[in-house]
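Okay, thanks for squeezing me in, everyone. I'd like to walk through one structure with you, so let me put it up on the screen.

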Amino acid sequence: YDGIQRPLERIQKISQSVFVPRGVDVPNLDREKLWDYQPKNVKVGDLVTGGDIVGVIYENGLFKQHFVMVHPNASGRVKE
């Protein structure tokens with residue numbers, strides 16, 4: 001990543017160049033990657049609301065714990 005969170009390796013693969021082309025649009029996070037999700041303090045049937053932490057994923061060496069939270073405008077019960 002560069003200073004504005006562009007995934008430079010993926011941009012290079014797409015553009016086949018070491019230069020970042022104008023208008024390139026690549027998501028910051030790889031949408032195809034499967035993350036190792038660990039539920040945190042929730043079980044099936046629990047009621048969750050916006051801001052609740054429902055899990056943790058390991059992102060990289062810099063961010064050991066990346067918290068997964070419920071969207072601020074969402075609520076409901078945890079399903080399997």
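So, β3, residues 53-57, is joined to β4 by 4 bridges, and the two run antiparallel. Quick caveat before I carry on: this is a predicted model, where local features need pLDDT of at least 70 and side-chain atom pairs count only at pLDDT 80 or more, while totals for chains, interfaces and linings use all residues. Residues are numbered from 1 along each chain as its sequence is written, and side-chain values use heavy atoms, with hydrogens and water left out.

Bookkeeping on terms: strands are DSSP runs of E, at least two residues, numbered from the N terminus, and two strands pair if DSSP finds at least two bridges between them. As a reminder, strands of a sheet pair through backbone hydrogen bonds, either parallel or antiparallel.

Back to β3. On its β4 side, glycine 55 stands opposite valine 68. What does β3 pair with besides that? β1, again in the antiparallel sense, over 3 bridges. There, proline 39 of β1 stands opposite glycine 55 in β3. Put together, you get an open sheet of 3 strands, in the order β1-β3-β4, with antiparallel pairing. The edges are β1 (37-39) and β4 (66-69), each pairing on one side only. Neighbouring strands in this sheet are turned by 35° against each other on average, direction ignored; those axes are lines fitted to C-alpha atoms, with angles running from 0 to 180 degrees between N-to-C directions.

How covered is β3? Mostly: 4 of its 5 residues are buried. Buried here means under 20% relative accessible area, exposed means over 50%, and partly exposed is in between, with a 1.4 Å probe and protein chains only.

Now compare that with proline 39, over in β1. Proline 39 counts as exposed because its relative accessible area is 54%. Leaving aside neighbours within four places in sequence, proline 39 is in contact with Val54 and Gly55, contact being heavy atoms within 4.5 Å.

Next, the surface. Which residues make the nonpolar patch of about 270 Å²? Ile53, Phe67 and Met69. Patch members have over 30% relative accessible area and no salt bridge; nonpolar side chains (Val, Leu, Ile, Met, Phe, Trp, Tyr) are joined within 5 Å, like charges within 9 Å. The areas come from Shrake-Rupley with a 1.4 Å probe, and for residues only the protein chains shown count as cover. Phenylalanine 67 sits in β4 and is partly exposed, at 37% relative accessible area. There's another phenylalanine to look at, number 63, in the loop between β3 and β4. Phenylalanine 63 is partly exposed too, since its relative accessibility is 43%.

Then the loop between β1 and β2 (47-49), where you'll find asparagine 41. Its phi is near 60°, a positive value in a residue other than glycine. Is asparagine 41 buried or exposed? Exposed, with a relative accessible area of 71%.

Last stop, charges. Side chains of opposite charge can pair when their charged atoms come close. How many salt bridges does a search of the whole structure find? Just 1, taking a salt bridge as a side-chain nitrogen of Lys or Arg within 4 Å of a carboxyl oxygen of Asp or Glu. The partners are aspartate 46 and lysine 43, with the closest N and O atoms 3.4 Å apart. Lysine 43 itself counts as exposed, at 56% relative accessibility.

Okay, that's my tour. Over to you.
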